Every structure is written in C-alpha cells, then in structure tokens.
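Hi everyone, thanks for coming. I'd like to walk you through a structure that is probably new to most of you, so please have a look at it with me.

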There are 2 protein chains.
Amino acid sequence: MSDLEAVLAHVDVQAHDYVARLMEYVRQPSISAQRIGMDEAAMLACDIISERLGMEAELLPTAGFPCILARHGPIPDKPTVLIYGHYDVQPPEPYEAWLSPPFEPTIRNGRVYARGVGDNKAQHFAHILALEAWHTVHGSFPCNVILMLEGEEEVGSPNLAGFVREHRERLAADFVVISDGHLHESGQPVICFGNRGFVSFELHARTGSRDAHSGNFGGVMPNAIWSLVHLLGTMKNADGYITIAGLHDQVVPPSNRERAATDALPVDLGAVQSTLGFRAIDRPEDRPYYDRLMFHPTLTINGLHGGYEGEGSKAVIPATAFAKCDMRLVSGQTPEYVMRCVADHVHAFAPDVEFRPLQGTPPARTPIDSPYATYLIEAVRAVCGSKPLIQASLGATLPTHVFSTILGLPTFLLPFANADEANHAPNENISIDCFMSGIRISAALFAALGRSIRMTRKDPSHDPDNLRSG
Amino acid sequence: MSDLEAVLAHVDVQAHDYVARLMEYVRQPSISAQRIGMDEAAMLACDIISERLGMEAELLPTAGFPCILARHGPIPDKPTVLIYGHYDVQPPEPYEAWLSPPFEPTIRNGRVYARGVGDNKAQHFAHILALEAWHTVHGSFPCNVILMLEGEEEVGSPNLAGFVREHRERLAADFVVISDGHLHESGQPVICFGNRGFVSFELHARTGSRDAHSGNFGGVMPNAIWSLVHLLGTMKNADGYITIAGLHDQVVPPSNRERAATDALPVDLGAVQSTLGFRAIDRPEDRPYYDRLMFHPTLTINGLHGGYEGEGSKAVIPATAFAKCDMRLVSGQTPEYVMRCVADHVHAFAPDVEFRPLQGTPPARTPIDSPYATYLIEAVRAVCGSKPLIQASLGATLPTHVFSTILGLPTFLLPFANADEANHAPNENISIDCFMSGIRISAALFAALGRSIRMTRKDPSHDPDNLRSG
C-alpha cells in the first residue's frame with residue numbers, strides 16, 4: 001500500500017465523521033456583507049487547522065476581516081502549493097425560500113444543505129481534511145503547503161491585493177490552487193486556468209431640471225431615456241458586436257492549445273437553454289459556446305431605469321435616466337484601459353451623459369501548458385480514473401489575478417462542488433460524493449507533489465512576464 | 001351705448017361678485033379619477049345655469065359621470081355656438097405642496113388659487129357669467145347657444161364620443177368653442193384651430209425565464225434591456241427622425257396659411273429652456289419651434305425599466321424589461337393606422353418583443369380660414385384691442401376630434417387662463433384679470449354672432465369631408 005493509498009483508506013473510514021464535522025463548520029454563520037459571525041468563524045477555522053493538522057494557523061489583520069494563514073515546511077526541494085479559500089458566505093436571504101434554515105445544515109438526498117457549504121466552506125474544508133488525513137496517517141505532509149483563507153471574497157476582496165503584497169514573503173509558493181466554483185456541467189472534473197475580469201459603471205442622463213408633459217413639449221424637450229438608448233446603441237450593435245473604439249485592442253486571442261482544449265469541451269446548449277428559459281443564444285450567433293465565455297469581452301446592461309413605471313400610460317418626458325452596466329474582460333485586457341475606452345466613447349457620442357466608473361478586476365490567465373497543471377491532472381486521474389477537462393478560463397470573475405499577476409504564480413481553479421450547488425441562492429448545497437471526492441483529490445495532489453522535485457523558479461512557463469505566451 | 005357695451009358695463013360692476021361666485025363654484029371638489037364630489041358638482045353647475053340664465057340645464061347620463069346640457073334658441077337665422085367645458089378636475093395630490101388647501105379657494109396677488117380653477121372651471125364659468133350678464137341686462141341672448149359640460153375630461157373622456165353620437169340632434173350647432181388651456185406664453189390671446197392626437201403603447205421584452213449571472217452567462221443569455229435598446233434605436237434615430245415605415249404617410253403638411261400663421265407666432269425659447277432646464281432643444285435641430293409642436297409626430301419614451309435599480313453594481317443579465325411610449329399625432333394621422341405601423345415595425349425588427357397598444361385619440365384640425373374664426377377674432381379685438389394669435393394646433397391632446405370629426409363642426413380653442421395656471425399641478429390658479437377678460441370676450445362673441453346671419457351648413461370650409469383641404 002502506497003502512502004497515498006493509506007491516506008485514502010483512512011479517508012474512507014472517516015467519511016461519516018468528516019461529513020458531521022463539515023456540518024459543524026457550516027453551522028457557524030459568517031456573512032461578511034452583514035458583518036455577522038465573522039470573528040467566530042475565523043476563530044473556528046483557526047482552531048480546526050491548529051488542533052488537528054500540526055500547523056499553526058495565524059489570524060492576520062486586514063483593513064476589513066482578517067485572513068487566516070498556516071504554513072507547513074519548507075521541505076527543501078519539494079514544491080510549495082498555496083491553497084486559497086474563503087470563510088465568508090453570501091447573505092442567505094430570502095429565508096422563506098430555504099427548505100431547511102441556512103445555518104442549520106441538513107442532509108437530504110445525499111447532499112448537505114447550508115449557506116456557504118458549496119461556496120466555499122466544503123471546498124477548502126476538503127483540503128484541510130486531506131492535510132489532516134496525511135498528518136494522522138503519516139505524521140507529516142509529503143510537500144510544502146500554505147493554507148490561506150480570506151474573509152471578504154463575497155464582498156469583492158477589497159483588501160486581498162494589499163494583503164498579498166504585504167505578506168509576499170510568507171506567501172512564497174510555486175503555484176496556487178483555488179477550489180471554488182463547480183465541476184463541469186457534464187459532471188466531469190475540470191481545471192480552469194483563469195477567469196474573466198470585470199468592470200462596472202453607470203451612465204446618468206439628465207436632459208432637464210424636471211420632467212415635462214409630452215403633449216406640451218414633445219418634440220422640444222430632450223428625453224433622458226432616448227439619450228441613453230441612442231448612446232447604448234453606439235456601444236454594442238444589434239448584431240451583438242461591441243463597437244467601442246479601442247476596446248478589443250488589448251485582447252490576446254487564444255493560443256493553439258487553448259483553442260484545442262476549448263473545442264474539446266462538451267457543450268449541452270439545450271440544458272442551458274432549459275435552465276434559463278431562452279430560445280436563441282445571444283448575438284452574435286456564430287460564436288462557439290465557450291468562446292463566448294472565455295475569449296470575447298461582454299457588455300451587459302444590468303439595469304436601466306427612467307420615467308414612469310406604473311399602470312397605464314403617463315404623458316411624461318423623463319428628464320433623468322440611468323443605466324448600470326458591467327463588462328467581462330478577457331486575457332490581456334486591463335480594467336483601467338477598458339474604463340478609459342468607455343469614458344472616451346461616452347464623451348465622444350454623448351458628452352452630456354455622465355460616466356461613473358464603479359469597480360474593476362483584471363482577468364487572470366495561467367498558461368495552459370504550465371507544468372504545474374500536470375500535478376492536478378495526475379491527482380484527478382488517480383481519484384476519478386480519467387483526466388479532467390481543461391478550461392482556459394471561467395466566464396465569471398474571481399480574485400485570481402492577485403495570485404497570478406501580483407504574486408506572478410501559476411494559479412489553477414480546481415472546483416469540487418456539484419454544478420447545481422446553488423451558490424448565492426437559496427438551498428445552497430454540496431453533494432457528499434463531491435465533498436469526499438474533493439478530499440481524495442486534494443490528498444492525491446499532495447502525494448503527486450511529494451513525488452516531484454521542485455522546479456527552478458525561472459522556468460519560463462510560470463514566469464509572470466511570460467504569462468501571455470500561451 | 002350698444003347692447004354689448006351695456007353688458008360689459010354690467011360685467012364691470014359685478015366683478016367683485018363674479019370672483020366671489022367663482023370661489024364658491026371651485027370650492028366644490030369634483031375629482032373624477034377618485035370619484036369624489038362628482039354628483040354635488042354636477043348639481044351645482046345645473047343649478048347655476050338654470051337659476052340665473054333663463055335656460056334649463058339637463059343632467060344627461062353616460063356610462064360614467066353625467067353630461068350637463070343647456071340650450072337657448074333656436075332663433076331662426078342666427079348661428080348656434082356649442083360651448084364645451086368640463087366640471088371635473090385633476091386629483092390635487094400632493095397636498096403638502098399647496099400653499100392653501102386645493103378646495104379652499106384663496107386670493108393671492110390677484111389670482112384665485114384652487115384645484116380646477118384654471119382647468120376648467122373658471123373658463124366655462126366665464127361663458128356662463130357672460131350669458132347671465134346678457135340675460136340680466138337684455139332679458140335674452142343675441143344668438144343661439146348650447147352649453148355642454150362633461151364630467152370625465154380628466155380621465156380621458158371615455159364616454160364623450162358615444163354621448164355626442166347619441167345626442168347628435170340636440171347638439172346641432174354651427175361651430176364649437178372650447179375655452180381650455182391658456183393664453184400664449186407671450187401673454188397674448190390665441191385661437192387654436194386644433195390639437196395633436198395621441199397613441200400610447202408598451203413594449204415588453206422577455207429573453208429568459210429568469211435573470212442570469214453576467215459572469216456565468218454573459219455572452220450566452222440574451223438581455224431583455226438590450227432587446228429594447230436595439231428595437232427603440234430602429235424606431236427613432238439619434239438625429240431625432242422617426243424611422244418607422246409608413247408612419248409619415250398620412251401626415252398632411254401645413255397649408256400656406258397655416259405656415260404663415262405659424263411663422264408669425266412669437267417664440268421665446270430661452271424662457272422655455274429656463275423653465276424646463278434643458279440646454280439644447282430636442283433633435284432634429286433644424287425645425288422651427290412651433291413646427292415641432294404642430295406638424296411633426298413625436299415618439300416619446302415615457303418610461304423604461306428593467307434589471308437592477310439599487311446602489312452599486314449587480315452582475316445580472318435581466319430577463320425582462322418594458323418600455324412605455326406615447327406618440328403625438330398630427331393632422332391627417334389616425335390612431336389605428338399609427339398603431340398598425342408600430343406593431344408591424346416591432347414585429348419586423350424584434351418579433352420576440354411584445355407590443356401592447358394602450359390608448360388612442362385622433363388629432364383635430366379646423367381649417368385656418370374657417371369663416372367662424374372671424375367671430376372669435378372680432379370678439380378678442382373688441383375686448384383686448386388687438387387680434388389674437390392664430391395657432392394651427394396645440395401640442396397637447398384634447399377631445400376636440402369628437403366635435404370636429406364626429407359632429408363635423410369647426411372647433412376652436414379659445415383659452416382664457418394665464419400661461420402659468422399650473423393646471424394638473426399644485427397651486428393651480430387663474431389670474432382675476434384673465435377670468436374677467438374671459439367673461440368679456442365671451443360676451444363679445446355672443447354680440448358678434450348676434451350681428452351675423454347664419455351661414456348655410458354646406459359652406460365647404462366647415463364640411464368635415466373637406467377638413468384637410470387647409
């Protein structure tokens with residue numbers, strides 16, 4: 001029996017206890033947006049790590065909620081993996097939509113239901129339990145590990161970049177693993193090499209000091225909604241192409257390997273259509289499904305409001321209207337440049353419309369041929385019997401750039417949760433099978449790292465200056 | 001002293017009493033939209049007419065609130081004027097914005113403040129008092145008069161067309177005078193020969209069964225707001241031109257006389273800009289001010305709502321959005337045809353967007369060379385010392401078409417109220433000078449009609465089949 005086999009046998013024996021301990025872990029509320037239970041949750045995570053893993057967990061302050069940091073090693077010549085997770089959860093509202101209360105974890109149909117169980121507690125808890133199993137069975141870990149848990153992911157990680165800059169030395173690692181999000185919709189394991197970035201902004205139109213009567217002044221008084229409609233029409237055309245000058249200039253097209261990996265991803269458009277209830281896919285119509293989520297920036301109107309909203313008709317010319325928009329950025333794009341493109345466009349086409357930038361997060365992309373990916377692939381194959389899918393980028397935005405760009409480390413998303421985890425929604429859950437599989441994959445990853453010898457840091461494939469060489 | 005001079009002298013003597021009686025008249029609430037005080041107000045108007053004018057006022061039922069009808073004559077060979085007004089008023093809300101309670105008439109700075117005093121009670125009360133003065137001084141009227149007061153103007157006159165069709169015989173007149181609205185902004189008296197029509201409709205977009213996350217599905221799930229933005233962009237372009245096929249086909253351009261009269265109207269764009277607080281006039285920029293309000297249909301977005309409305313950003317792709325729109329129609333256009341043009345356009349450009357027609361009112365236009373106009377011009381000149389301005393059309397919409405089209409009668413708007421009457425708004429008022437001037441103009445109109453001989457009904461200038469000959 002190999003070292004890993006012994007660990008996996010222990011994990012199997014402990015399964016019932018692990019699920020019970022997961023339920024205790026998620027029973028503690030930790031709603032960062034509402035400042036509920038955060039101290040207790042941070043202490044609980046520290047205690048779990050310090051008591052059973054043979055590592056000392058530290059609570060390190062930020063301008064917001066603290067980060068938890070624990071380190072094993074360094075064992076010379078062994079690689080160091082930085083595992084990032086977050087102990088805060090989304091607000092659970094609306095309570096009435098939950099079949100069991102969000103902070104009273106309940107098992108139904110082989111799943112644990114609780115707020116935060118999928119996003120992200122069961123996923124980083126799986127890593128914690130894998131480390132515990134190695135420690136229990138062998139008294140040590142086969143590689144170097146840094147565990148880092150953030151408390152502000154659900155409120156946009158406002159202090160994460162500052163934290164990793166400040167603690168750069170303590171976070172010295174060879175690569176980063178983030179277990180968040182979910183398995184591929186097909187049920188297969190997946191490794192994501194990055195994610196899209198994000199900017200958000202508002203457009204405010206004011207065409208007068210007050211609304212006017214459309215009979216008395218229709219044709220005379222300009223209309224704030226028409227201002228926004230015509231401006232927005234110059235930003236993305238009816239065929240679905242973004243028409244803001246310069247916006248695509250930074251975009252790095254997919255490499256040949258990213259292209260091939262993307263073409264190999266299974267697509268079940270019918271399932272997506274049935275879930276979201278749409279008939280035709282968004283324009284432009286000629287793009288492959290995953291190209292839409294990985295390689296093309298988007299411009300979404302999140303909300304547009306102006307004028308009369310009640311029953312029937314009201315003969316009013318609205319003097320004010322606003323739109324809230326977000327854009328998803330792809331590899332190569334920076335929030336600063338994109339914001340400037342949008343601001344310049346608004347200024348050129350509708351100088352009277354006020355542009356208000358809100359937030360920005362850069363995209364992140366780790367080269368698809370990063371040698372560190374082989375450890376993750378090996379771990380998944382050891383546990384699941386087949387290779388994971390390779391996804392160049394998630395459509396959503398995570399704080400990955402903090403690791404891949406600021407720390408310059410190859411960063412991988414290795415999600416454990418089921419695709420229908422209902423994160424950010426009522427009845428959030430994780431399948432017990434997915435949770436247990438996550439523990440096993442994590443244990444196998446440590447084993448794979450333990451068999452390897454640390455690569456030199458100047459291997460160009462994970463040099464941050466070379467991130468876009470694909 | 002002529003007959004009219006005797007009447008005007010009586011009016012001068014009665015001025016104080018007339019204002020006191022106006023205040024009693026408007027003290028009675030009559031809010032049709034809220035069904036408040038309607039019976040009492042109708043009875044009060046009937047009593048005033050029957051007691052002091054020597055005419056018998058009848059309360060005639062409709063499917064809604066009753067109409068009041070009173071008739072003097074017929075004196076053979078004398079023309080008959082139908083005077084239309086309405087005894088209902090707008091809701092007074094918001095109460096806290098009134099300096100004195102809306103149904104406790106108060107005089108400040110030479111004005112009577114009360115809900116409904118300008119729109120429309122003082123204006124039709126001026127005609128009633130002119131008739132009373134003629135009756136008091138001379139024991140008779142110099143011409144034939146039909147007084148008609150509606151109780152549902154402020155709720156869109158839903159039963160007016162049916163009423164005039166049903167009572168066509170009792171409404172047999174030569175022409176119609178409506179004293180509603182206000183003097184020209186320059187303070188000069190004005191006669192309007194018609195008004196714009198109106199259609200309203202809603203556009204409803206649904207691009208999915210629920211909102212989706214802009215990260216997970218941005219680029220995949222279609223966005224209901226984008227659907228509306230792109231559809232609306234095909235209906236009116238950024239230069240301000242309506243681009244709905246067929247929409248202008250029915251439009252009758254202004255006649256040479258309408259053109260000349262319109263060019264002679266004084267314009268104070270700066271005053272309008274200062275009142276409404278807009279910098280640049282609505283596009284297209286090259287249209288004369290009054291052309292905008294008379295000769296070009298408009299397409300106004302009254303409201304557009306979809307997606308997130310709160311603070312900050314929310315990464316949502318809205319699955320639903322709606323727009324409420326109205327159009328003002330000009331001479332020649334019919335609501336039915338315009339609605340069909342819009343429906344066809346929506347079907348062609350956005351077949352998934354639902355078109356919901358709401359209301360429609362035809363425009364009205366009396367030939368600017370109608371011989372009946374000379375009586376009104378003469379009356380204004382007799383009282384004010386100068387000719388009134390001649391306005392081919394109001395920008396707003398009134399139920400005038402019921403008289404001009406259904407009854408086929410030349411119909412004139414002869415407003416008495418000051419331009420800042422604040423109708424439909426808090427602190428509605430009428431200047432006592434304007435009110436007294438209205439009584440005198442009305443008295444002079446009856447005198448002018450008394451000096452004339454009735455024209456044959458087949459004079460082509462007021463033949464309804466010939467209304468658009470200009």
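I'll talk about how the two chains meet, and then about how two domains meet inside chain A.

Before we start, please keep in mind that this is a predicted model.

Let's begin with the two chains. How many residues does each chain bring to the contact? Chain A brings 71 residues, and chain B brings 71 residues too. Between them, chain A and chain B bury about 5,500 Å², and 57% of that area sits on carbon and sulfur atoms. If you want residues to look for on the chain A side, try Val220(A), Trp226(A) and Leu276(A). Those three supply 14% of the area that chain A buries against chain B, more than any other three residues.

Now for the polar side of this interface. Between chain A and chain B there are 49 residue pairs in polar contact, counting pairs with both residues at pLDDT 80 or more. There are also two salt bridges across the interface. One of them joins the side chains of Asp352(A) and Arg279(B), at 3.4 Å from N to O.

Which element of chain A gives the most to the side that touches chain B? That is strand S12, residues 298–307, with ten residues. As for the make-up of that whole side of chain A, 29 of its residues are nonpolar, 28 are polar and 14 are charged.

Stay with strand S12 for a moment. S12(A) pairs with strand S12 of chain B, again residues 298–307, and the two run antiparallel over five bridges. To find one spot in that pairing, look at Gly307(A): its bridge partner in S12(B) is Gly303(B).

Let's move inside chain A. The domain assignment gives domain 1 as 3–195 + 364–469, and domain 2 as 197–258 + 294–305 + 314–358. How far apart are the C-alpha centres of these two domains? They lie 37 Å apart. Where the domains touch, domain 1 of chain A contributes eleven residues and domain 2 of chain A contributes ten.

Together these two domains bury about 1,000 Å², with 55% of it on carbon and sulfur atoms. The count between them is one salt bridge. In chain A, the side chains of Glu258(A) and Arg365(A) meet in a salt bridge at 2.9 Å, N to O. Four residue pairs are in polar contact across this domain interface, again with both residues at pLDDT 80 or more. On the domain 1 side, the touching residues divide into three nonpolar, five polar and three charged.

Thanks for listening!

Methods: Residues numbered from 1 in each chain as written. Chains lettered and ligands numbered in written order. Predicted model: local features only at pLDDT ≥ 70, side-chain atom pairs only at ≥ 80, totals over all residues. Heavy atoms only, no water. Contact = heavy atoms within 4.5 Å. Buried area = accessible area lost by both parts, 1.4 Å probe. Salt bridge = Lys/Arg side-chain N within 4 Å of Asp/Glu carboxyl O. Polar contact = N/O pair within 3.5 Å; in protein donor to acceptor, adjacent residues only side chain to side chain. Helix = DSSP H or I, 4+ residues; strand = E, 2+ residues; numbered from the N terminus. Nonpolar A, V, L, I, M, F, W, Y, C, P; charged D, E, K, R; others polar. Pairing = 2+ DSSP bridges. Domains from an automatic or database assignment.
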